[in-house]
Amino acid sequence: MSSAAPPIPVTVVGLGADGWAGLTAAARSALSAAEVLIGGPRQLDLLPHPLCAGLRVAWPSPLRPAVPKLMAEHAGRRIAVLASGDPMFYGIGRALCEELGADALRVHPHPSSVSYACARLGWPVEDTEVVTVVGRPVARLAAALHEGRRVLVLSAGAATPNEIAALLRERGFGPSRMRVLEQLGSEREDTYEGTARHWDHAPGDPLNVVAVDCRRDPQAPVPRLGATPGLPDAAYEHDGQLTKRHVRAATLCALAPAPGELLWDIGGGSGSIGIEWMRTHPSCRAVAVERVPERAARITRNAAALGVPGLRVVVGAAPGALDGLPAPDAVFIGGGLTAPGLLDAAWSALAPGGRLVVNTVTLESEAVLAERYRRHGGELVKLAVAHAVPVGGFTGWRQAMPVTQWSVTKTATATKTAPVTKTQGDPE
């Protein structure tokens with residue numbers, strides 16, 4: 001924790017659009033007793049002044065860095081923090097727990113907008129995917145788009161429904177039904193709907209949730225994307241520097257992403273490995289390191305188009321560009337393998353249990369991998385893929401360049417590697 005918890009627990013109260021009338025007796029009592037009331041302007045305006053006489057403090061922007069300062073400034077006083085709906089569901093409760101610790105909080109949750117929306121729509125909450133675009137790019141929604149899925153989008157404001165409709169059209173989901181639910185739980189609650197393809201509604205109330213019944217246009221020029229690694233090569237913008245589909249699927253299998261883990265994708269190319277790592281789970285993170293600025297920009301565009309705009313792109317040559325990056329759970333090297341010190345830097349950055357996967361197509365780099373395999377074990381495999389192509393009036397096989405892949409999990413007893421000497425001809 002970054003600061004000591006105040007001696008008096010901080011009360012966190014979830015508010016709905018119905019304001020004071022929707023609060024429990026315990027929540028009302030806590031707000032009435034508070035000496036300091038912290039929240040957004042809209043939330044503070046929902047509290048009656050005669051009953052809530054505490055000092056009113058509006059959150060500054062950006063909010064997260066202000067949390068420790070405000071808690072320290074008002075330490076020792078009875079503090080009540082206001083949140084929208086359930087404070088622990090994409091709310092301020094998380095930041096307060098990280099700052100003060102769970103024992104320093106007393107949380108009074110309110111039904112979330114998701115609960116209200118599912119109740120109005122007749123959608124089982126457990127079968128509904130939720131994507132928030134509050135303070136985040138709308139492009140995040142792209143990763144959740146699959147035929148027949150129901151998605152609730154926590155809106156950032158009045159313009160969000162139009163942005164969602166545009167994204168759905170762009171990603172081949174124009175037939176999807178959209179419903180905008182405004183002011184859920186209040187007397188001003190309202191709903192309007194349409195399809196993304198023909199969406200022409202003017203911006204409405206900024207307090208809204210968007211429900212999407214995903215329907216894909218079978219004639220859309222955008223390729224269908226599955227939920228597993230190995231997306232079609234056509235899904236990526238690239239200049240030839242792309243780990244091809246079947247090798248990519250085998251590479252992700254060897255990397256074995258798990259929720260919350262961080263990948264270093266070194267020699268990012270088109271970003272496909274980092275992007276598909278992040279698509280396996282919303283909490284997976286990745287850093288793509290690419291020395292060519294044009295390719296780095298392309299990685300950013302691909303990440304946004306495929307629903308993971310949070311992919312971090314570092315422009316620079318490894319191993320120097322790795323300095324200062326957060327420690328990875330896994331590392332993939334897809335280019336520049338024989339750059340002096342690169343393998344050593346990647347290996348040293350991994351804690352015991354971390355995974356390293358390296359792909360190469362040259363004999364020189366293959367020799368390097370054979371030596372590392374001899375020292376550290378793991379798996380050394382050759383991946384060969386052939387595609388059927390026309391041969392005159394017949395059909396034959398065209399062999400792609402075979403890829404040598406070394407994958408290894410670092411153990412607690414792993415020895416330090418010796419420096420690697422750069423050889424000629426290794427592609428980056």
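These are my notebook entries on the sheets, cores and helix packing of a predicted model.

**Entry 1, the sheet of parallel strands.** I began with the open sheet of 5 strands, whose order I noted as β3-β2-β4-β1-β5 and whose pairing is parallel. At its edges I found β3 (55–58) and β5 (105–108), and because each has a single partner strand, one side of each is left without a neighbour in the sheet. Direction ignored, neighbouring strands of this sheet are turned by 20° against each other on average. I then looked up the pairing of β1 with β4 (residues 79–84), and found the two strands running parallel and joined by 5 bridges. Within that pairing, Leu15 has Ser84 of β4 as its bridge partner.

**Entry 2, a loop glycine.** Following the chain on from β1 (10–15), I came to Gly22, which lies in the loop between that strand and α1 (25–33). I asked myself whether Gly22 is buried, partly exposed or exposed. Its relative accessible area is 28%, so I entered Gly22 as partly exposed. I also looked up the separation of the C-alpha atoms of Gly22 and Gly185, and wrote down 8.6 Å for a pair that is 163 residues apart along the chain.

**Entry 3, helices α3 and α4.** For α3 (residues 66–73) and α4 (residues 92–100) I noted a packing angle of about 65°, with the axes 10 Å apart. The two helices are therefore roughly perpendicular to each other, and I recorded the crossing of α3 and α4 as right-handed. On the α3 side, Val67, Pro68 and Met71 meet Ile92, Ala95, Leu96, Glu99 and Leu100 of α4.

**Entry 4, the mixed sheet.** I turned next to the open sheet of 7 strands, which has mixed pairing and the order β13-β12-β11-β14-β15-β19-β16. The edge positions belong to β13 (312–315) and β16 (379–383), and since each has a single partner strand, one side of each is left without a neighbour in the sheet. From one strand to the next, the twist averages 15°. I checked how β16 is held to β19 (residues 403–409), and found 5 bridges between the two strands, which run antiparallel. One residue I followed across this pairing was Leu380, whose bridge partner in β19 is Trp406.

Two helices that pack on this sheet went into the same entry. Helix α7 (residues 245–255) touches β11 (262–266), β14 (330–333), β15 (355–360), β16 and β19, and its direction makes about 160° with that of β15. Helix α11 (residues 363–376) touches β15, β16 and β19, and its direction makes about 25° with that of β19.

**Entry 5, the nonpolar cores.** Which residues have the most contacts inside the largest nonpolar core? I found them to be Ile333 and Leu356, in a core of 25 residues. At least two residues of this core are supplied by each of β11, β12 (285–290), β14, α10 (342–349), β15, α11 and β19, and the largest share, 4 residues, comes from α10. I then listed the contacts of Leu356, leaving out residues up to four places away in sequence, and wrote down Val331, Ile333, Leu343, Ala346, Trp347, Leu350, Trp406, Ser407 and Val408. Apart from this core lies another, of 23 residues, and I noted Leu242, Ile273, Ala286 and Ala288 among them.

**Entry 6, helices α7 and α8.** I went back to α7 to see how it meets α8, and found an angle of about 55° with the axes 10 Å apart. The two helices are therefore oblique to each other, and their crossing is right-handed. The contact is made by Arg248, Thr251, Leu252 and Leu255 of α7, together with Ser272, Ile273, Glu276 and Trp277 of α8.

I took Ser272 as a residue to examine further, since its relative accessible area of 3% makes it buried. Ser272 lies in α8 (residues 272–279), and, leaving aside neighbours within four places in sequence, it is in contact with Tyr236, Leu242, Thr243 and Arg248.

**Entry 7, a hairpin.** Last I looked up β17 (residues 386–391) and β18 (residues 394–399), which run antiparallel and are joined by 6 bridges. In this pairing Ala388 stands opposite Trp397 of β18. The two strands form a hairpin with 2 residues between them, and for Gly392 in the turn I noted a positive phi of about 65°.

How values were computed
Residues numbered from 1 in each chain as written. Predicted model: local features only at pLDDT ≥ 70, side-chain atom pairs only at ≥ 80, totals over all residues. Heavy atoms only, no water. Pairing = 2+ DSSP bridges. Axes fitted to C-alpha atoms, helices over the stretch in contact; angles between N-to-C directions. Contact = heavy atoms within 4.5 Å. Core = buried A, V, L, I, M, F, W, Y, C linked by side-chain atoms within 4.5 Å. Buried < 20%, exposed > 50% of the residue type's maximum accessible area, 1.4 Å probe, protein only. Parallel < 35°, antiparallel > 145°, perpendicular 65-115°, else oblique. Left-handed = near helix turned anticlockwise from the far one by under 90°.
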